[in-house]
Amino acid sequence: MTTIEKRNDFAFGDTLDFETRFTAPTDTGEIEGVAVRFNTVDTYRTEFAPDAFRGLEGRSVPMLWAHDPANVIGSWSSFQVRADGLTAKGKLNLAVAKALEVRSLLQAGDIRGLSIGFRTVKDERRANGVRRIVEARLHEISIVAFPSVPGSGITSVRADAPGLSAFLSSVRAASTILKG
C-alpha cells in the first residue's frame, strides 16, 4: 500500500499549474497639481484673480520642463478653477527621455513645483505695488524645481506597478507555504 503525504491540502508529488504573464508597467505618466494659486503674491509681486483663466474647457496645453520650449515632456488636458487656484491634470509622454527623468525626480520627491507660462490680457496695479492679473491666456505649464507662486505644485504622481522584486517575494512566500 502506498502512503501519500499531505501538506496544506496538497498531496506531495502532485503537480500544481499556474500561469505568469510579464507585461509593461501600468504607469501612464498621469500627474496632477495646482498650476497657480489665486490671490497669492508671487516672487514677481504679481497675483492672479480667481477668474483670470477663462475658456480652458476642451483645451490642451504643453507640459514643459522648466519653461523650455525645447523640452516638451507631455501635455495638460483637464483643468478646474477652484476657489484657491487653477488645478490641472496631465500626462508625461513616457516615450520622451526627459519625461522619464522628470518622472523619476517627481516619484523620488526631488522636485514638486509647477509654474505657468501665460500672456496678460488685462491687469490692474494695486496701491501696494502688486500687479493683479485679471485676465490671462495660458500657454504652458512647466514642472520646475522652484515655483514662483507659493503653494503651486504637483499633488499626485501615479506610481509604477509593483516591480519584479515584489513579484519574487510573493512567489517565495507562496512556495514556503506550499512546502509546509
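Among contacts in the protein chain between residues at least 6 apart in sequence, what percentage join residues at least 24 apart? The figure is 67%. The model in which these contacts are counted is predicted.

The chain that makes these contacts has 10 strands and two helices. Followed along the sequence, the order is β-β-β-β-β-β-β-α-β-β-β-α. One helix therefore comes after seven strands in that pattern, if the elements are taken as DSSP runs numbered from the N terminus. Read this way, the pattern ends with a helix.

Next, the surface. The protein chain has 180 residues, and 32% of them count as buried. The area that the chain exposes is about 11200 Å², and 53% of this area is supplied by carbon and sulfur atoms.

Ser148 gives a local view of the fold. This residue lies in a loop, with strand S9 (131–144) on one side and strand S10 (153–157) on the other. Although Ser148 is in a loop, it counts as buried because its relative accessibility is 16%, and the cut-off for buried is under 20%. Apart from neighbours within four places in sequence, the residues in contact with Ser148 are Asp42, Thr43, Tyr44 and Ser115.

Confidence varies along the chain. The mean pLDDT is 85, and 74% of the residues reach 70 or more. Over residues 21–25, however, the pLDDT is below 50. In the model, this stretch has three contacts beyond near neighbours in sequence. Where pLDDT is low, predicted coordinates should not be read in detail.

Note on methods:
Residues are numbered from 1 along each chain as its sequence is written. This is a predicted model: local features need pLDDT of at least 70, side-chain atom pairs count only at pLDDT 80 or more; totals for chains, interfaces and linings use all residues. Side-chain values use heavy atoms; hydrogens and water are left out. Helices (H or I, at least four residues) and strands (E, at least two) are DSSP runs, numbered from the N terminus. Buried means under 20% relative accessible area, exposed over 50%, partly exposed in between (1.4 Å probe, protein chains only). Contact means heavy atoms within 4.5 Å. Accessible areas come from the Shrake-Rupley method with a 1.4 Å probe; for residues, only the protein chains shown count as cover. pLDDT is the predictor's confidence in each residue, from 0 to 100.
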